[in-house]
Amino acid sequence: MYSDDSVLYLCCPLLLGPTLLFEKLSKGGEAPRRFYACSACRDRKDCNFFQWEDEKVSEERLKARKSENQLKRVGFTQQQQCNRFVKFASLAVHEKRFCQDCQLLLLPAEHGAHSAHSCAAVSTAQLRRPSTLLRPLENKKSYAQYLFTERSAHFLLDTVTALGYNMVLCVGTPRLHEFIKLRNLEEKQPLIKSLLLDIDYRYAQFYKQEEFCHYNMFNHHFFNGESSSAVLQAFLTESQEERVVMVADPPFGGLVKPLAHSFTLMSQTWRKLQNSDADMPMIWIFPYFFEPRILECFPSFAMLDYQVDYDNHPLYKHGKTGRKQSPVRLFTNISAKDFILPKDEGYRLCSVCERYVWSLNKHCNKCNLCPSKDGREWKHCSLCEKCVKPSWKHCTTCERCCLPEHPCSQSDETPGCFTCGSLKHKRRAGKEAVFVSGGSGPDGLKPPSRRERLKQFMTGVGGVGHNLSCTPQNPGGVQVLEGG
């Protein structure tokens, strides 16, 4: 989509790599128009890059972008970070300091320059657990980081071990990566080799070059260029004699199609090295309501009932019930029958489906499956001939099950947008849409509740410079096309 010369000015100012190409959906039959926007930020306040596809960019503007990008480059290269860590590890205990303001391991010569900052001593245990030392990024519209609880991290590690994998490609899963390294130190089980690909460059100061790559999963961009992509290539080449699995935990609001494209590229590389037609084994961790979009990209995937929870997320905690349960699940192309979910945490084996499910996910003999997606016990609707959520009721007007309060239409085909009820536009089936700011909704339509807005945020937003939900306040939208 772009030449080598255009990569520079089609990279966002935050240096997150090549932008994505979007198409603005028109309201009244107008011709759609395409533009480039940041791949990883969905708020224009975080990254204001915007360029129409057919826009002519002057040489002065290109030079200004180049200068801006140069100013925002990281202070140390990855090789320099590795050299610093070797020196840091050899220091005496009282010399090991960490600047909490700069989020940086300090060498003795740097202590004076950071004397006015908040600094703390660093233990060997903390060096082995950088996710506990680094402050989680909290901007929900760009770099929000949610880290696995020890329960979920141990389950994932135990699972990949039980499945016989001895190489793990950790994409956006820093805590799993460090758990693997910690278990290797115990020398009680066969060693597992892991490679962390993550957009948080702070992890580079804790790992060797063959253990970490600075990577943006939304556009398959390696920040250190060929040297980093060569690390992945070497890792996958080594897997020819071993068993490798990819475990990915993208931001919850990430656009599914760009993510799937990146994962497909990695699978294609692995498949070529293996000289095989099979796909690389993958475990994609994502909210359950993205299931249709994930299956559209990866039809061979299945969703497991295991609920992933996070240490620093206010809602996704283990032991919650009803709507408060974590909606995050495992999507995988590995056979669901091979996953053993812990019975002491509320999972059971369904003898009919021959797979582990949540205790409230009761088998329906009419549907011949365990239908629940959200952890609640679903009920069967004889009119729809399928199981639905317990809060849904059958609407004789719409001839389908839905929430009691919903936009109801008398016609056989629902006009306008099913998402927000507006008659001024129609959401394209199967397309990922984002709204265009400045729109106005239909008069008299009830604004969405806080829960509905949260659901819209979780099901629609993506790693781009816009909110991906179609709402009454923001009808219409744009469609992501490809990287640019």
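The following questions and answers go through a predicted model.

Me: Is histidine 177 buried or exposed?
Reply: Histidine 177 has its place in helix α7, which covers residues 174-186. Its relative accessible area is 0%. Buried means under 20%, so histidine 177 counts as buried.

Me: Which residues does histidine 177 touch, not counting residues up to four places away in sequence?
Reply: The histidine sits in helix α7. With residues up to four places away in sequence left out, the residues touched by histidine 177 are Cys170, Ser194, Leu195, Leu196, Tyr207 and Glu211.

Me: How many aromatic pairs are there, and are the rings of phenylalanine 155 and tyrosine 306 stacked or edge-to-face?
Reply: The count of aromatic pairs comes to 19. For phenylalanine 155 and tyrosine 306, the ring centres are 3.8 Å apart and the planes stand at 15°. Planes under 30 degrees apart count as stacked, so this pair is stacked.

Me: How many residues apart in sequence are the parts that phenylalanine 155 and tyrosine 306 tie together?
Reply: Phenylalanine 155 belongs to helix α6 (residues 150-162). Tyrosine 306 lies in the loop between β13 (302-304) and β14 (328-332). Both residues are buried. The pair therefore ties together parts whose separation in sequence is 151 residues.

Me: What is the angle between the planes of tyrosine 306 and tyrosine 347, and where does tyrosine 347 lie?
Reply: Tyrosine 306 is buried at a relative accessible area of 0%, and tyrosine 347 counts as buried at 4%. The two form a stacked aromatic pair, 5.7 Å centre to centre, with 25° between the planes. The pair links distant parts of the chain, 41 residues apart, and tyrosine 347 lies in strand β15 (residues 347-350).

Me: Over which ring does the charged end of arginine 33 sit, and over which face does arginine 84 lie?
Reply: Arginine 84 is at 4.4 Å from the ring centre of the residue whose face it lies over, phenylalanine 76. The charged end of arginine 33 is 3.9 Å from the centre of the ring beneath, that of tryptophan 52.

Me: What is the strand order of the open sheet of 3 strands?
Reply: The edge strands are β5 (104-106) and β6 (119-121), each pairing on one side only. Strand β4 (residues 97-99) pairs with β5 in the antiparallel sense over 3 bridges, and cysteine 99 has leucine 104 in β5 as its bridge partner. The pairing in this open sheet is antiparallel, and the order is β5-β4-β6.

Me: Which helix lies across β4 and β5?
Reply: Neighbouring strands of the β5-β4-β6 sheet are turned by 35° against each other on average, direction ignored. The helix lying across β4 and β5 runs at about 50° to β5 and spans residues 78-89; it is α3.

Me: Which strand does β12 join antiparallel, and by how many bridges?
Reply: Strand β12 (residues 282-287) is mostly covered, with 6 of its 6 residues buried. Its pairing with β11 (residues 244-248) is parallel, over 3 bridges, and alanine 248 stands opposite tryptophan 284 there. In the antiparallel pairing, proline 287 stands opposite valine 328, and 5 bridges join β12 to β14.

Me: What is the hand of the β-α-β unit made by β11, helix α9 and β12?
Reply: The two strands run parallel. Helix α9 (residues 256-274) completes the unit with β11 and β12, and the hand of this β-α-β unit is right-handed.

Technical notes
Residues numbered from 1 in each chain as written. Predicted model: local features only at pLDDT ≥ 70, side-chain atom pairs only at ≥ 80, totals over all residues. Heavy atoms only, no water. Helix = DSSP H or I, 4+ residues; strand = E, 2+ residues; numbered from the N terminus. Buried < 20%, exposed > 50% of the residue type's maximum accessible area, 1.4 Å probe, protein only. Contact = heavy atoms within 4.5 Å. Phe/Tyr/Trp six-rings, centres within 6.5 Å; stacked < 30°, edge-to-face > 60°. Lys NZ or Arg CZ within 6 Å of the ring centre and 35° of its normal. Pairing = 2+ DSSP bridges. Axes fitted to C-alpha atoms, helices over the stretch in contact; angles between N-to-C directions. Right-handed = clockwise from strand over helix to strand, strands pointing away.
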